[in-house]
Every structure is written in C-alpha cells, then in structure tokens.
Number of protein chains: 2
Amino acid sequence: MNLIFYNIMSLTSREEDYLEAIYLLTGRHVAVGLTDVARELGVTLPTVKSAVTRLKERGLVDQKHYGKIVLNPMGHKIGAEIYRAHRALRVFLNEILRVPLEISETEACLMEHAISKDTLKKLECFVHDYQTRDNG
Amino acid sequence: MNLIFYNIMSLTSREEDYLEAIYLLTGRHVAVGLTDVARELGVTLPTVKSAVTRLKERGLVDQKHYGKIVLNPMGHKIGAEIYRAHRALRVFLNEILRVPLEISETEACLMEHAISKDTLKKLECFVHDYQTRDNG
DNA sequence: ATAGAATATTAGATTCATCTAACTTTGTCA
DNA sequence: TGACAAAGTTAGATGAATCTAATATTCTAT
C-alpha cells in the first residue's frame, strides 16, 4: 500500500523536517501557524511559506489563504515516522553513547532522514534490549 | 588549531561527499580525474566540475586546467575524517544492528555528515567494545 | 469599531546541486 | 602523424532552500 506512495513521494530532508515540526506542533497546539513552524525550525516566514506550498502540492498538508496548517493523513503518518526515527537516534546517542543531550538532539535531527523503516525497527529493538539488560 | 578553519569551513554534505570520494580514489589510483569522481558518485561531469571548482575556491583541492584532482592537506584531512565516520556507522549498522551490507553502506553515507568528532569517537569506542566482548 | 500588533503573502535575489548540449583538449594507436 | 576516442570545459537551464523588503490580512484590546 505504501510502495505506490513512496515512489512518487521521495521527500527531501528538509521537507521531512517541516513535516516533523508540524507534527510536533500539532501535538502541542490547537492550531499551527507559519510563525510557529518558523520559530521551531529557526527560519523566516517566507521560507516556511514556500515549504508549506510544496508540501501542499504533494497533498501532505492543507492551508487555506491566511489559514492554519493542517496535516493530511499521509503527512501525519510521515511526520510521525520521522519523529520516531529522531527519538530512537536521540536515545541511542544520549543514553547509550553518552553524547550530551543537546548534541544528541541536533545530530539525531540530521541523521533521522537517512534511516529506512527496517533499520529504524532494528535500532529501536537494539535500544530497547540494551536498556532492559542494564549495560553501562 | 581547527576552530579557525571549522568556522570558516562549514561544508555542505555534498562537498563532504566529493572530498570523501576523492580521498578514496586517491588511495586506489595514481591520479584522480573528474570522470573517476563522476563514476564514483553517479553524477555527470559538469556536476563534478562545479563541485571541484567550489572545493578549489575553499583551498581543499587543486586541479590544473585539464589536469588531475589533488587533495590539499586540509582536504585530505576532512576526507579521511568523513570516511572514518562512514566506516564506523557502516560497521555499527551492519555488524551490530544486522542491517544488510548494501543498505548499511547507503545509510552510513547519508548519516556520516551528521556526526561530530566527539560523537564519532564515542561510536568507535562503542563498536570496538561491543565487538571485543562477543555480544549477539 | 478601529488602530496597532501579529501574522501571512508576494516579489525578487542568491546559492548549491544538478542536468543536457555543444565545444575543446589530450592521448593513443594504426 | 593524424584520426578518433576519452576526458575535460563552458554555457545555460532547472529546482530546492534560503533570505530581505514590501505589502496585505486578521486579531485584539481599548
């Protein structure tokens, strides 16, 4: 079911970042505006605007004129998945490699786009197993 | 000693890829041409040309008109370091997470740019320790 | 209800990374 | 030694991602 989408829909890292940011903000806010995303990612409003326009063209988000940003089901799914990779990587870096939290955060954010579904699953298992049998 | 350079010299992922490719080819060939790099990275000649031009402007490589590509000391150092990160990540993915080699190769190549010197050192230690006490 | 603040939009520029097509130089071998 | 192949160069286009500056809309609080 995803194969069809995945081929058409190979997103850039940056598109994934925007999707992830919107996903996270959606979990905290009632409504997500361009300004929220801009703050979250440290970019300017027009930059967010053009990213959202591109995501809109791909059918991953909706935004009415002067309106809030809403994730479509596929956008939500991708955002959630990117965040899952982000979290697994951050935990691996921070709790297993003992990289400081801030740095783990930053580097996880850069690595999260590189990791496939299969690898993510393996990483999650590894992290889980490692934690349950008290290593380190 | 590196701080000065590192600030001026924040390379894009792609610039790092080219440097790494040239570094690897240098270890195999006598002389590295644009065509070798193009083959290695799967891009066209003009693309390599413009990348090399940019790396030349940064003083990381040299190339005379119609000549071969030569890494300058700093370029060599960066290329070697990127490759070190690449290797550590590939080994982690392949030998510890049991991700198939081809996929480990690809994903390491994407992650290698995200990882700082400190994190790399930690990852290398982790991989080493993991391997010496026969886990899995 | 409206003025001022906050937010969103548009226009236009820049840089990187890529491509194709056309051209030039170098190198080789018959 | 000169024709042809291989390698390198240049020109020009495209798209993503970013910015600043200017403009438009919406919200809010008096």
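## Close-up views of a predicted protein–DNA model

**Backbone and side-chain contacts to the phosphates of DNA strand D.** A phosphate oxygen of DNA strand D lies 3.3 Å from a backbone N or O atom of B:Leu34. In the side chain of B:Thr35, an N or O atom is 2.6 Å from a phosphate oxygen of DNA strand D. From chain A, a polar side-chain atom of A:Thr12 is placed 2.4 Å from a phosphate oxygen of the strand. The model is predicted, and local features need pLDDT of at least 70, side-chain atom pairs count only at pLDDT 80 or more, and totals for chains, interfaces and linings use all residues. Residues are numbered from 1 along each chain as its sequence is written, chains are lettered from A and ligands numbered from 1 in the order in which they are written, and side-chain values use heavy atoms, with hydrogens and water left out.

**The protein surface near DNA strand D.** A residue is near the strand if one of its heavy atoms lies within 4 Å of it. There are 22 residues around DNA strand D, of which A:Thr12, A:Arg14, A:Thr47, A:Arg54 and B:Thr35 come nearest. Sugar or phosphate accounts for 76% of the strand D atoms within 4 Å of the protein, and bases for the rest. At least two residues of this surface come from each of helix 2 (13–28) and helix 4 (45–57) of chain A, and from each of helix 3 (34–41) and helix 4 (45–57) of chain B. Helices are DSSP runs (H or I, at least four residues), numbered from the N terminus. Helix 4 of chain A contributes the most, with four residues. Sorted by class, the surface has eight nonpolar, eight polar and six charged residues; Ala, Val, Leu, Ile, Met, Phe, Trp, Tyr, Cys and Pro count as nonpolar, Asp, Glu, Lys and Arg as charged, and the others, Gly among them, as polar.

**The interface of chain B and chain A.** In this interface, 21 residues of chain B are in contact (heavy atoms within 4.5 Å) with 21 residues of chain A. The two chains bury about 1,700 Å² between them, 67% of it on carbon and sulfur atoms; buried area is the accessible area (1.4 Å probe) that two parts lose on being put together, summed over both. B:Leu97, B:Ala114 and B:Phe126 supply 30% of the area that chain B buries against chain A, more than any other three residues. Six residue pairs across the interface are in polar contact, both residues at pLDDT 80 or more. A polar contact is a pair of N or O atoms within 3.5 Å; within protein, one must be able to donate a hydrogen and the other to accept it, and residues adjacent in sequence count only if both atoms are side-chain atoms. Helix 5 (73–96), helix 6 (101–111) and helix 7 (117–132) of chain B each supply at least two residues of the side that touches chain A. The largest share, five residues, comes from helix 7 of chain B. By class, this side of chain B has 14 nonpolar, three polar and four charged residues.

**Surroundings of A:Thr119 in helix 7 of chain A.** A:Thr119 is buried, with a relative accessible area of 1%; buried means under 20% relative accessible area, exposed over 50%, and partly exposed in between (1.4 Å probe, protein chains only). The side chain of A:Thr119 makes a polar contact of 3.0 Å with that of A:Ser116. A second polar contact, of 2.8 Å, joins the side chains of A:Thr119 and B:Glu107. Not counting residues up to four places away in sequence, A:Thr119 touches B:Leu93, B:Leu97, B:Val99, B:Ile103 and B:Glu107.

**Salt bridges linking helix 5 and helix 7 of chain A.** A salt bridge is a side-chain nitrogen of Lys or Arg within 4 Å of a carboxyl oxygen of Asp or Glu. The whole structure holds 16 salt bridges over all chains, and zero are found across the interface of chain B and chain A. A:Glu81 and A:Lys117 form one, with their closest N and O atoms 3.8 Å apart. A:Glu81 lies in helix 5 (residues 73–96) and A:Lys117 in helix 7, 36 residues apart. A:Glu81 is buried at 17% relative accessible area, whereas A:Lys117 is partly exposed at 40%. A:Glu124 and A:Arg84 meet in a salt bridge of 2.8 Å, N to O. This pair is 40 residues apart, with A:Glu124 in helix 7 and A:Arg84 in helix 5.

**The salt bridge of B:Arg84 and B:Glu124 in chain B.** The closest N and O atoms of B:Arg84 and B:Glu124 are 2.8 Å apart. B:Arg84 lies in helix 5 and B:Glu124 in helix 7 of chain B, so the pair ties together parts 40 residues apart in sequence. B:Arg84 is partly exposed at 28% relative accessibility, and B:Glu124 is partly exposed at 21%.
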